[in-house]
Amino acid sequence: MKLTYTALATFFILLISSCSITKKLEKELVGKYAVEMLKSSSEEQAGNTSANILKGLLEGSYIQFNENKTYELSLAKKITKGTWHFSDDGKTILTDKKNIKFRINKFTDNGLELKSYNNKDVVLMILKKISG
């Protein structure tokens, strides 16, 4: 009986602490980020020949994560909007679009590094926080 209460108490403590971890991450994530650089894994294998082309396409590109769990992604002048939430482990940002998800690589002094996963490629996104 005592073991059951201990297990139940441990479960609730872990549940509460995981909620506070994602709340802290949400607070840190919310804001608008300029897309500074994109680097795909296939690009690394083939050599960096498209850097100048990408630089022009990235001009004015951004991603904004809002407190109400909506986002707006503007990439190469194409805007995508939707909703987001964290995965259970708090390491991945999932969206309502099946093909858009981001793994948090790290928070930096002035922004964020995300890995964007699509069909066959992983793209490292270097983001600079511009508001939020």
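Accessible areas here come from the Shrake-Rupley method with a 1.4 Å probe. On that basis, the chain in this predicted model exposes about 9100 Å², and carbon and sulfur atoms supply 56% of that area. Of the 132 residues of the chain, 32% count as buried. Contacts within the chain also reach along the sequence: among those between residues at least 6 apart, 42% join residues at least 24 apart.

The secondary structure comprises three helices and eight strands. Read from the N terminus, the elements follow the order α-β-α-α-β-β-β-β-β-β-β. The eight strands close into a barrel, in the order β1-β2-β3-β4-β5-β6-β7-β8, with antiparallel pairing. From one strand to the next, the twist averages 35°.

A walk around the barrel can begin with strand β1, residues 31–40. On one side, β1 pairs with strand β2 (residues 62–65) in the antiparallel sense, over four bridges. Within this pairing, Y33 stands opposite I63 in β2. Strand β1 also pairs with strand β8 (residues 122–131), again in the antiparallel sense and over eight bridges. Here V35 is the residue that faces L127 in β8.

Beyond β2, two loop residues deserve a look for their backbone angles. K69 is found in the loop between β2 and β3, the latter spanning residues 70–75. Its phi is near 65°, a positive value in a residue other than glycine. With a relative accessible area of 27%, K69 is partly exposed. K77 lies in the loop between β3 and β4, and this residue, also not a glycine, has a positive phi of about 65°. K77 counts as exposed, at 72% relative accessibility.

Further along the chain, strands β5 and β6 run antiparallel and are joined by three bridges. In this pairing T92 stands opposite R103 in β6. Strand β6 then pairs with β7 in the antiparallel sense over six bridges, and the two form a hairpin with three residues between them. R103 appears here too, standing opposite K115 in β7. Strand β7 covers residues 111–117 and is mostly covered itself, with five of its seven residues buried. Seven bridges join β7 to β8, and these two strands run antiparallel. S116 stands opposite V123 in β8. With the pairing of β8 and β1 described above, the walk returns to its starting strand.

Charged side chains add another set of links. Side chains of opposite charge can pair when their charged atoms come close. The structure holds five salt bridges, and three of them are described here, including the one that involves R103.

R103 forms a salt bridge with D89, with the closest N and O atoms 3.9 Å apart. The pair links distant parts of the chain: R103 belongs to strand β6 (residues 101–107), whereas D89 sits in the loop between β4 (78–86) and β5 (92–95), 14 residues apart. Are these two partners buried or exposed? Buried residues have under 20% relative accessible area and exposed ones over 50%, so a residue in between is partly exposed. R103, at 29% relative accessibility, therefore counts as partly exposed. D89 is likewise partly exposed because its relative accessibility is 46%. R103 thus brings several features together: it stands opposite T92, it stands opposite K115 in β7, and it forms the salt bridge with D89.

A second salt bridge joins the side chains of K97 and D96, at 3.6 Å from N to O. K97 counts as partly exposed, at 27% relative accessibility. D96 is partly exposed as well, with a relative accessible area of 45%.

In a third pair, K81 forms a salt bridge with E72, and the closest N and O atoms are 3.5 Å apart. K81 is exposed, since its relative accessible area is 54%.

How values were computed
Residues are numbered from 1 along each chain as its sequence is written. This is a predicted model: local features need pLDDT of at least 70, side-chain atom pairs count only at pLDDT 80 or more; totals for chains, interfaces and linings use all residues. Side-chain values use heavy atoms; hydrogens and water are left out. A salt bridge is a side-chain nitrogen of Lys or Arg within 4 Å of a carboxyl oxygen of Asp or Glu. Buried means under 20% relative accessible area, exposed over 50%, partly exposed in between (1.4 Å probe, protein chains only). Contact means heavy atoms within 4.5 Å. Two strands pair if DSSP finds at least two bridges between them. Axes are lines fitted to C-alpha atoms, for helices over the stretch in contact, and angles run from 0 to 180 degrees between N-to-C directions.
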